[in-house]
Amino acid sequence: MQLELRHLQAVCRIAEAGSLGAAARLGVSQPALSAQLRRIERVAGGDLFVRGRHGVEPTALGQFVLDKARRVLNEMDELAAGARAAAPGTPLRLGCILLVLLDGLLEEIDLALAGQEITVDLEDSVTALARLLGAGRYDAILYGEVNDHEVPLPEGVLARTLVSREPFCVRMSAGHRLAARDSVELADLAGESWMTLVEDDDGGPEALVAACAKAGFTPSLRYRITDRKMHYDLIAAGRAVSLSQPSAPTAEGTVMLPLVGAPVTGRIRLAWNRSAVSAAQADLLYRAAARAYLANVDNNAFHRAWWDAHPEAHPPLDRDEPVAP
């Protein structure tokens, strides 16, 4: 028997899962995977894993095989991605949720990937984005996560964090009783009607409810409006308040104020299918999205001040080499 790519994938999946329970991820039964592993070990010349207290761990030989297998699989992914990118008429398919940076992203991508056709679709659901990425509908996705929520990503996907942390602020009517303040305590917003975030599976609603509970009240989540103008008009009319990215633009009749203690924070990430997007393309996408985000930092003076005080949240764009995952 000769080792094939599927054998290398099996070894890597077992190591990642820490047990033969990886069988479910490979679409084979556990006995079949055990038999396959024994055949692989006969070809390799020894045991690749030993059973420990916390599952299976690679032996010295197993670690050697793993290192080589990962290198081969990465090179095969790069080959597939490079061939796809070189094929004439093959567009790069990007899926996004409604982020502030989206307004400037298209221009930045056109500049970064000049000459390649790009399609961009907007989705309301982060879960749908990840599922469609795994299904091959999208080659890359740009999405957000709130507080400690982490979006599960499918197999064969790599990801980079674009903005590691941004404190959500509150948008309210310019005629609101608190509008003249420099910042707002979340507890002062008890009794308000809230416009919920458009995405309901990025951890946002749960984070808002948890933060309000800590502040001593339960928020009234009354509106969920996807149309940006209607969203702003309802707030300007004093009918609701909403959480907002701090980089959001101003809107007539509304003001944006930071929340004391930053009880709700966001994170922005880029993920891509490594068999469809090369490392070079992913880096160009990352940098284009970062420039689009940075173009909005000055939309609100309080966010500029916060941003300057928190360099650890910045995307690493001050050097020429590719950004590490």
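These exercises work through a predicted model of one protein chain.

**Exercise 1. The chain as a whole**

State how many helices and strands the protein chain has, and what share of its residues is buried.

Solution.
- Start with the elements. The protein chain has 10 helices and 12 strands.
- Turn to burial. Of the 325 residues in the protein chain, 47% are buried.
- Finish with contact range. Take the contacts between residues at least 6 apart in sequence: 73% of them join residues at least 24 apart.

**Exercise 2. The surroundings of S242**

Place S242 in its element, decide whether S242 is buried or exposed, and list its contacts.

Solution.
- Locate the residue. S242 sits in strand β10, which covers residues 241–244.
- Check accessibility. The relative accessibility of S242 is 1%, so S242 counts as buried.
- Look for polar partners. The side chains of S242 and H231 make a polar contact at 3.3 Å.
- Widen the search, leaving aside neighbours within four places in sequence. S242 then touches C169, V170, R171, W194, M195, H231 and I235.
- Take one of these partners further. C169 has 0% relative accessibility and therefore counts as buried.
- H231 thus appears twice: in the contact list and as the side-chain polar partner of S242.

**Exercise 3. The length and burial of helix α9**

Test whether the span of helix α9 agrees with its number of residues, then name its buried residues.

Solution.
- Count first. Helix α9 runs over residues 279–294, which gives 16 residues.
- Work out the expected span. The rule is 1.5 Å times one less than the number of residues. For α9 the expected span is 22 Å.
- Compare with the model. The end C-alpha atoms of α9 are 22 Å apart, so the two values agree.
- Now list the burial. In α9, Q281, A282, D283, L285, Y286, R287, A288, A289, A290, A292 and Y293 are buried.
- Recall the helix geometry. With 3.6 residues a turn, residues three or four places apart in an α-helix point the same way.
- Examine one buried ring. The charged end of R160 sits over the ring of Y286, 5.5 Å from the ring centre.

**Exercise 4. The aromatic pair**

Find how many aromatic pairs the structure holds, and describe the geometry.

Solution.
- Count. The structure holds one aromatic pair.
- Identify the partners. Y293 pairs with W307, with 5.4 Å from centre to centre.
- Classify. The planes are 45° apart, and the pair is tilted.
- Place the partners. Y293 belongs to helix α9, and W307 to helix α10 (residues 301–309). The two are 14 residues apart, and the pair links distant parts of the chain.
- Check burial on each side. Y293 is buried because its relative accessibility is 1%. W307 has a relative accessible area of 2%, so W307 is buried too.

**Exercise 5. Positive phi outside glycine**

Compare N147 and A262 by phi, loop and accessibility.

Solution.
- Begin with N147. Its phi is positive, about 50°, although N147 is not a glycine.
- Locate N147. The loop between β5 (140–146) and β6 (157–167) holds N147.
- Assess N147. Its relative accessible area is 24%, so N147 is partly exposed.
- Move to A262. Its phi is near 45°, again positive in a residue other than glycine.
- Locate A262. The loop between β11 (254–258) and β12 (265–273) holds A262.
- Assess A262. Its relative accessible area is 18%. Buried means under 20%, so A262 is buried.

Note on methods:
Residues numbered from 1 in each chain as written. Predicted model: local features only at pLDDT ≥ 70, side-chain atom pairs only at ≥ 80, totals over all residues. Heavy atoms only, no water. Helix = DSSP H or I, 4+ residues; strand = E, 2+ residues; numbered from the N terminus. Buried < 20%, exposed > 50% of the residue type's maximum accessible area, 1.4 Å probe, protein only. Polar contact = N/O pair within 3.5 Å; in protein donor to acceptor, adjacent residues only side chain to side chain. Contact = heavy atoms within 4.5 Å. Phe/Tyr/Trp six-rings, centres within 6.5 Å; stacked < 30°, edge-to-face > 60°. Lys NZ or Arg CZ within 6 Å of the ring centre and 35° of its normal.
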